[in-house]
Amino acid sequence: MTPHVKSVRLRCALAGRQRAGQHVDVRLTAPDGYRASRSYSVASVPDDSGTLELLVEGLPGGEVSGWFFESAEVGDRLELRGPIGGSFSWDGPDGGPLLLAGGGSGVVPLLAMLRRRAEVAPAIPAALIYSVRSRAEAIALEELEARHRAEPNFSLFLRTTREGEGRRIDAALVQAALASIGSPTKVFLCGSNRFVSPAADLIMAAGVPATIIRTERFGA
Ligand SMILES: Cc1cc2nc3c(=O)[nH]c(=O)nc-3n(C[C@H](O)[C@H](O)[C@H](O)COP(=O)(O)OP(=O)(O)OC[C@H]3O[C@@H](n4cnc5c(N)ncnc54)[C@H](O)[C@@H]3O)c2cc1C
């Protein structure tokens, strides 16, 4: 996917039951019985493949993401719980316009929403504000840029924090995203605390009511 992000396909009974934006809990058990459990958003939309796609960012020293990066092999078995997170999810009948904002791997549940929207409700206006360190670290950038070009009602607003002008998201970017969709009825924000809190403040300062904003925080 990127040098730091792996796409993982899991064959499991809960595949196909998820709503876009939901996550699963992955539990690993070491030979000595030590257990570690972490949440991962489902990137794929329901289909008949019997599988789920996760996009896992490898963190230095990360117990679970490190296992996916360094040890996992095709055929390994692991425990999964879910799908979880009904309030941070979206489907066509929920409507729009949709304003999405993701930082780093926080884009994963938003990617699932955009994939679902393209399948079931492409007329609903949607904008994605995506903040990443660099283009090389942006998850699914090729797909997102292709959607931006091909889907008349979707716009991508990419901001790189350590490349080019190196800027974080700001009021002007939020205004541009809002101008592309009109008044949103659903807003989903996801990423680290460092991303979600200021993004929520900017979006509310632009006049979006707090009651329609849903947030999900990935930690750190
Ligand atoms: C609802 C939800 C959905 C999530 N979806 C995804 C997803 O789709 N893809 C994904 O890659 N991750 C996702 N995460 C984060 C994931 O659950 C783990 O926190 C992450 O993989 C780190 O776990 P670890 O065991 O590898 O690292 P740990 O062993 O827990 O920590 C290793 C080091 O990394 C730091 N750290 C821990 N978490 C983060 C973080 N999120 N960002 C930066 N530094 C961190 C720790 O402080 C520590 O220094 C999600 C989290 C939540 C709550």
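**Briefing: fold, helix faces and local backbone features**

Of the contacts in the protein chain between residues at least 6 apart in sequence, 74% join residues at least 24 apart. The model is predicted. The protein chain has 5 helices and 10 strands. Its radius of gyration is 17 Å, close to the 17 Å that the globule rule gives for 220 residues, so the chain is as compact as a globular protein of that length.

**Overall dimensions, surface and charge**

- Along the principal axes, the C-alpha atoms of the protein chain fill a box of roughly 55 × 35 × 30 Å.
- Of the 220 residues in the protein chain, 48% are buried.
- The accessible surface of the protein chain is about 10700 Å², and carbon and sulfur atoms account for 50% of that surface.
- The protein chain carries 25 positive and 24 negative charges, and the mean positions of these two sets are 4 Å apart.

**Helix H3 and the loop before it**

- Helix H3 spans residues 141-150, and Leu141, Leu144 and Arg147 in this helix are buried.
- These buried residues cover an arc of only 130° around the axis, which puts them on the same side of H3.
- An α-helix has 3.6 residues a turn, so residues three or four places apart point the same way.
- Glu142, Arg149 and Ala150 are exposed on the other side of H3.
- The cover over the buried residues of H3 includes helix H2 (108-120), strand S7 (126-132) and strand S8 (154-160).
- Ala140 is in the loop between S7 and H3, and has a positive phi of about 55° although it is not a glycine.
- Ala140 counts as buried because its relative accessibility is 8%, below the 20% cut-off.
- Ser134 also lies in the loop between S7 and H3, and is buried with a relative accessible area of 12%.
- Not counting residues up to four places away in sequence, Ser134 touches Thr160 and Glu163.

**Helix H4**

- In helix H4 (residues 171-181), the buried residues are Leu173, Val174, Ala177, Leu178 and Ile181.
- Seen down the axis of H4, these residues fall within an arc of 135°, so they line one face of the helix.
- Ala172 and Ala179 are exposed on the face of H4 turned away from its buried side.
- Strand S6 (98-103), S7, S8 and helix H5 (193-205) pack against the buried residues of H4.
- S7 and S8 are thus named in both settings: among the cover of the buried residues of H3, and as packing partners of the buried residues of H4.
- Gly182, just after H4, takes a positive phi of about 80°.

**Ala20 and its contacts**

- Ala20 sits in the loop between strand S1 (5-11) and strand S2 (23-29), and is buried with a relative accessible area of 4%.
- Leaving aside neighbours within four places in sequence, Ala20 is in contact with Phe88, Ser89, Trp90, Ala112, Met113 and Arg116.
- Ala20 and Phe88 are 68 residues apart along the chain, and their C-alpha atoms are separated by 8.5 Å.

**Cis peptide bonds**

- The peptide bond from Gly82 to Pro83 is cis, with omega near -5°; Pro83 lies in strand S5 (residues 79-84).
- The peptide bond from Gly96 to Pro97 is cis, with omega near 5°; Pro97 is in the loop between S5 and S6.

Definitions and conventions:
Residues are numbered from 1 along each chain as its sequence is written. This is a predicted model: local features need pLDDT of at least 70, side-chain atom pairs count only at pLDDT 80 or more; totals for chains, interfaces and linings use all residues. Side-chain values use heavy atoms; hydrogens and water are left out. Helices (H or I, at least four residues) and strands (E, at least two) are DSSP runs, numbered from the N terminus. The radius of gyration is taken over C-alpha atoms; the globule rule is 2.2 Å times the number of residues to the power 0.38. Buried means under 20% relative accessible area, exposed over 50%, partly exposed in between (1.4 Å probe, protein chains only). Contact means heavy atoms within 4.5 Å. Accessible areas come from the Shrake-Rupley method with a 1.4 Å probe; for residues, only the protein chains shown count as cover. Lys and Arg count as positive and Asp and Glu as negative; His and the chain ends are not counted. The place of a charge is taken as NZ of Lys, CZ of Arg, CG of Asp or CD of Glu. The arc is that of the directions from the helix axis to the C-beta atoms.
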